[in-house]
Amino acid sequence: MGEVDPAFVQAIEHRPRLEPIEVADDIPVIDLSTVLNPPDHNTTQQIITRIGAACETWGFFQVVNHGVPADPRRKVAAVAKQFFDGSSEEKRKVKRDEVNPMGYYESEHTKNVRDWKEVFDFLVHDPSQIPASHEPDDKELKILTNQWPHFPTDFREACEDYAREVEKLAYKLLELISMSLGLSANRLNGYFKDQTTFLRLNHYPPCPFPHLALGVGHHKDAGGLTVLAQDDVGGLEVRRKSDREWIPVKPTTDAYIINVGDIIQVWSNEKYESVEHRVVVNSTKERFSIPFFFNPANYTMVKPLEELVNEKNPAKYREYNWGKFMATRSRSDFKKRDVENIQIYHFRVSDN
């Protein structure tokens, strides 16, 4: 990543504490075994209640006994390390750009500050369609396709096998979250028929100035649901809603970290909240993580669900098109912007 570069330096108010205040043992860890094999009605209802409470209180929770086999996760972690250990020349052969945003990238910005990381992105459903531009009157669509490196030779197979397994878990979580809102299990599934879901392989190299830089700056996830696998190094921090403190998420062996994104915040009419999080870096250890960003079809119009809106609880958001929202957001991945990127609060209905 080179010498200390001002592009990586966070504003003083966003710099990490080198001594975190505590470990977030109180972020719920939820065992899904009774939901999956075979489901028991009473226990399932308890799990639904716990998931709802976690979404409401934290916006985050962890799941264990989740049904994702260990072998695909182990294989994708192995090929990710091999890929990132490879030469810059090989990685640049699959470098992404504004035309094709799938592939390798090493200079992503979050909140206009460069992240201390390198990534590889790939679609779960290849090809996928997204708007050709962020302009509201432009109806043209463009086709996104994955680009795969030649090395490691089993890279593509490992990535696709893993994605299929995590997708099953994502749908199960979506159903449990839907039921926690008092809706039918499959109420939200239709939005994901032509999903724009993608996975990211993250590599955070050791950083010589961990007091100044972040692996990923403070942000909220724009999509529906994120299913994150992290290694045992740790680094993810969640902003606790009760006091706005940054709380580290302690790695739990074989667990997945789940967080609701902005879309679920809007669908739930703010019953559930997408919460800020970030990644701190380590001066001696590299870190790997694999987020699965579960996102709906590009044509989805996002607005509070009608079942959750009434006279006492009116809609808090105007509807917006997910594809256009995503196209606008993605423009900031490649260059610094002079203005803040689009956020869901730009669509919030005024309380006045």
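Which helix does D161 lie in?

**Exercise 1. Place D161 and E56.**

D161 lies in helix α5. The model is predicted: local features need pLDDT of at least 70, side-chain atom pairs count only at pLDDT 80 or more, and totals for chains, interfaces and linings use all residues. Residues are numbered from 1 along each chain as its sequence is written, and side-chain values use heavy atoms, with hydrogens and water left out.

Step 1. Fix the helix rule. Helices (H or I, at least four residues) and strands (E, at least two) are DSSP runs, numbered from the N terminus.

Step 2. Classify D161. Its relative accessibility is 29%, so D161 counts as partly exposed. The cut-offs are: buried under 20% relative accessible area, exposed over 50%, partly exposed in between (1.4 Å probe, protein chains only).

Step 3. Find a partner in space. D161 and V76 are 85 residues apart along the chain, and their C-alpha atoms are separated by 8.5 Å.

Step 4. Repeat for E56. E56 lies in helix α2 (residues 41-57). E56 has 36% relative accessibility and therefore counts as partly exposed. From E56 to V249 the C-alpha to C-alpha distance is 17 Å, with their positions 193 residues apart in sequence.

**Exercise 2. Describe the annotated domain.**

Step 1. Take the range from the record. UniProt, in an unreviewed entry, lists residues 195-296 as "domain: Fe2OG dioxygenase". UniProt positions are given in the numbering used here, feature names are shortened, and annotations may be inferred rather than shown by experiment.

Step 2. Compute the content. Residues 195-296 are 6% helix and 39% strand.

Step 3. Check the ends. The end C-alpha atoms of this range are 4 Å apart.

**Exercise 3. Count the aromatic pairs and explain what one of them ties together.**

Step 1. State the rule. Rings of Phe, Tyr and Trp (its six-membered ring) pair if their centres lie within 6.5 Å; planes under 30 degrees apart count as stacked, over 60 as edge-to-face and the rest as tilted.

Step 2. Count. The rule gives 23 aromatic pairs.

Step 3. Take F8 and F209. Their pair is edge-to-face, at 6.4 Å centre to centre and 65° between the planes. F8 lies in the segment before β1 (29-31), and F209 in the loop between β9 (198-204) and β10 (216-219), so the pair ties together parts that are 201 residues apart in sequence. F8 is buried at 1% relative accessibility, and F209 is buried at 2%.

Step 4. Contrast the geometry of F120 and F122. This pair is tilted, with 6.5 Å centre to centre and 35° between the planes. F120 is buried, with a relative accessible area of 0%. F122 is buried too, with 1%.

Step 5. Extend to a cluster. Ring pairs link F83, F84, Y104, F120, F122, W148, F155 and F288.

**Exercise 4. Find charges over rings.**

Step 1. Apply the test. NZ of Lys or CZ of Arg must be within 6 Å of the ring centre and within 35 degrees of the ring normal.

Step 2. Read off two cases. R73 lies over the face of Y256, at 4.6 Å from the ring centre. R348 lies over the face of Y317, at 6.0 Å from the ring centre.

**Exercise 5. Pick out the unusual backbone angles.**

Step 1. Look at omega. The D126 to P127 peptide bond is cis, with omega near 5°. P127 lies in the loop between β6 (118-123) and β7 (128-131). The F151 to P152 bond is also cis, with omega near 0°. P152 lies in the loop between β8 (141-144) and α5 (155-180).

Step 2. Look at phi. K111 is not a glycine, yet its phi is positive, near 55°. K111 is found in the loop between β4 (109-110) and β5 (113-114). With a relative accessible area of 40%, K111 is partly exposed.

Step 3. Add E270. This residue, again not a glycine, has a positive phi of about 75°. E270 is found in the loop between α6 (262-267) and β15 (277-279). At 28% relative accessibility, E270 counts as partly exposed.
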